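Biologist: I'm new to this one and would like a close look at a single part, please. Could you keep it informal and explain your terms along the way?

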Amino acid sequence: MVGGGITIDRAASAASAAALEAVAANLPRDHKGLTRIALVGNPNSGKSSLFNQLTGLNQKVGNFPGVTVDRKTGVSQLTPQHRAEIIDLPGTYSLYPKSLDEKVITDLLYDKTSEQYPDFVVVTADASNLRRNLLLFTQLADLGLPAVLALNMMDVAEQHGVHIDVAQLQQELGVPVIPMNARKGIGVAALKIVMAQTLNLPTVSFYQPSEELLPMIRQIRYYFNLHNDYLALHYAHQFRHISFLSADDKAYIQELTEQYDFQPTPRQAQETIDRYARINDILLNTVSVTRTERNEPYSNRLDRVLTHKVWGYLIFFGVLFMLFQAVFAWASYPMELIDQGVTWINQLIQTNFHGPLINLLTEGVLAGLGGVLIFIPQIALLFAFIAVLEETGYMARVTFMMDRIMRKFGLNGKSVVPLISGVACAVPAIMSARTIENWKDRIITIFVTPLMSCSARIPVYTVLIALVVPDQKVLGFFNLQGIALMGLYLLGFFAAILSALALKILLRRKERSYFIMEFPVYRWPRWKNVGITIVEKVKTFVFQAGKVIVAISVILWVLASYGPGNALEQAETKARAVAAEQHLTPAETDNRIASEKLENSYAGLFGRTLEPAIRPLGFDWKVGIALITSFAAREVFVGTISTIYSVGQDADMRTVQQKLAAEKDDQGQPFFTPARAFSLLVFYVFAMQCMSTLAVVYRETKGWKWPMLQLLYMTGLAYVASLTIYQLMK
Amino acid sequence: MSIRSKSLKPAEQRRVSDLRLGESGTICCLKDPEMALKLLEMGCIPGTQVRLNSRAPLGCPITLVLGDDDYTLSLRVSEAATIFLKD
């Protein structure tokens, strides 16, 4: 990404890497000076470890055009003079893509004329499982791409008694083979030296398309001016999914495949079988296995406990408990610090400067920014946990244990993590749904996760429950308020599960859901990978979702601070007059003014406009304003209500409660009857009132379709549920 | 060594899903052409030995150990039912 002349310290900090990116953005794209290398390999072959070893923190996450796949690139200093751009492609088992993620690979490797086309590929292979890993390698070599084979996990292979004659393998494969252990960084230096060379085209061919296909293949090849037959065969297989082909091109290939009666499925199956036969021959000459006494692998022994029908679930719940502790309890300290820090900066600015722009900065931008930053500890901790669970291989076991249960509801074993994390915060939870490969399962998971009651709802729940549910014990020891709180959580959980079931029936998309996956052995987590994951997730959240959150906060601030014409000035004059009449203290006067101003602002206007719509739910315009401002974050409800009922900013909840209890309706009766309070509670359980969540769903699904559907569905559900509750109870 | 169509084989042929815990068998053929593509890529080649390694607590999914690679694959019972065994 960066032109020549700038060298990067390998241990460059995240900050300086970001600064470099900024420089890079201003420089013209200089492909010639920068070798472009694609990193390809099977999942679990140590590809991410190698990518992290090669690029360190000097990584950048972008998007592949048009698809929901992250495009991870990084710059690697191969030699003091030679820098290369490394692109980390999604892990795959073959060049015949099964998922949207994998299609990115073929789109990149099929189009030699593309600016993104790599100069060569580095193929990572798990040496302890070479047979399956070589399948992808032979396909890549046959595409005519210069390649290096990074023979990873040599240590594991040796433990298994697998001895690989690297020199012989190199000769058989016709490309450089570098034995390595990417987790420990062994062999990385040698790999870099090879990567800095000019690589030749592969000399060995591993598979010849059948003779009878040649007439068709050659026509495709010459029509598209392709450099080899195997690539042309891939066009015949996958033309429907190649994004850069025009409709005419696709029609041309379709015609040819029909003319020659090309049967893709059996052909592809036969190719895989033929390739395995060839790979077996190669392995016969290069690999010798000395099986010492077959000790039962430690992984199996661990599994007997960790996936046990009793212990397995117990341990899983123990892990969950830890995760909750981390995200709720441990994260609260740094969150408080961030909160105090933002408040401190805010006060510093407010005491030293004045004016509408300063108000915009402090109450709009900084308040929004604080709303973004406050989530960082939760996101970092949650992803630290998830990264460790994934690195060790435990996540595969959780998926394995939960798949059967989750499948009944249109979910997937892998949906467990996002649903659980949703109780802390939907934002990181939705980000963690990325591990679900199946599109439909992933969309359903993302869609229902915000229905799980997140921590931001807690302040609303506690204030309203304390207002209408008596603080007494039933059956001796069950606290009634506690039961009400649990009921709200369960309500959210069942709504999520049942919505998933409904979506499963509604979404009739023909995408086969596979559970065929490698069951990895247990490994110690690699802390560097965990660290990089945390940095990457936090960066993604701050820069992608953060932009939207800050923008909406500013809009909300403007709506709450300005009104039509001179309505606000009139409101202030009126409030001052009333205050003078009633001999209020200066603090009370300020509250009175703030309340009066909010009522006459655009937000107040919206509240009043909204009133007819929410009246059937039992709400008035004041609650309407709180519903609108809650969109910034649900916990804003308490602050807004306290502003509207002119309770001071620093009021604690008791006073908010007292104020709510003192609020009277038109007939002079208490406004917050149990019917109104429960209606409001149920509204908060279901309604999509979180722009951070919408922003992250937009980012994760790469479009407004799903966040908008979610907004409509959840708000609709909330409306109907509140309406029912209020009309039944009033 | 190829995928045979359903009609050629008798229905009572054993499948991977019929294996008992710890029992081994040799893959004969894959009956679901589309699923076969994925299974083949994952190393379920006709002629390969498979051993039923474990079952999830609720009976599904299961894990298989393939060949002498010491490599474990997990899949659902319905997916395992498309893999037929040699007699």
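Biologist: Let's take chain B: among its contacts between residues at least 6 apart in sequence, what percentage join residues at least 24 apart? And where does chain A come in?

Modeller: In chain B, 53% of the contacts between residues at least 6 apart in sequence join residues at least 24 apart; two residues are in contact if their C-beta atoms, placed from the backbone, lie within 7 Å. Before going on, keep in mind that this is a predicted model: local features need pLDDT of at least 70, side-chain atom pairs count only at pLDDT 80 or more, and totals for chains, interfaces and linings use all residues. Residues are numbered from 1 along each chain as its sequence is written, while chains are lettered from A and ligands numbered from 1 in the order in which they are written.

Chain B has two helices and five strands (DSSP runs of H or I with at least four residues, or of E with at least two, numbered from the N terminus). Walk along chain B from the N terminus and you meet them as β-α-β-β-β-α-β. Of the 87 residues in chain B, 45% are buried, with 20 or more other C-beta atoms within 10 Å of their own (12 or fewer is exposed, in between is partly exposed).

Its partner, chain A, has 32 helices and 12 strands. Buried residues make up 45% of the 730 residues there. In chain A, 72% of the contacts with a separation of 6 or more are between residues 24 or more positions apart.

Now for the place where the chains touch. Chain A puts 33 residues into the contact and chain B puts in 30 residues. On the chain A side, the elements giving two or more residues are H4, helix H11 (264-286), helix H17 (394-407) and strand E12 (517-518). H11(A) gives the largest share of that side, eight residues. Sorted by class, the chain A side has 15 nonpolar, nine polar and nine charged residues; Ala, Val, Leu, Ile, Met, Phe, Trp, Tyr, Cys and Pro count as nonpolar, Asp, Glu, Lys and Arg as charged, and the others, Gly among them, as polar.

Strands meet across this contact, too. E12(A) pairs with strand E4 (residues 71-75) of chain B in the antiparallel sense, over two bridges, and DSSP has to find at least two for a pair. Within that pairing, B:Leu73 in E4(B) has A:Glu518 standing opposite.

H4(A), which gives residues to the side facing chain B, deserves a look of its own. This helix covers residues 130-142, and its end C-alpha atoms are 18 Å apart, which agrees with the 18 Å that 13 residues should span at 1.5 Å a residue (1.5 Å times one less than the number of residues). H4(A) is mostly covered, with 13 of its 13 residues buried. After the helix comes A:Gly144, whose phi is positive, near 80°.

H4(A) also turns up inside chain A. The domain assignment gives domain 1 (14-195) and domain 2 (211-289), with bounds from an automatic or database assignment. Their contact takes 25 residues from domain 1 and 23 residues from domain 2. On the domain 1 side, the elements giving two or more residues are helix H3 (100-110), H4, strand E7 (162-164) and helix H6 (166-173). H4(A) provides the largest share of that side, six residues. The domain 1 side divides into 10 nonpolar, seven polar and eight charged residues.
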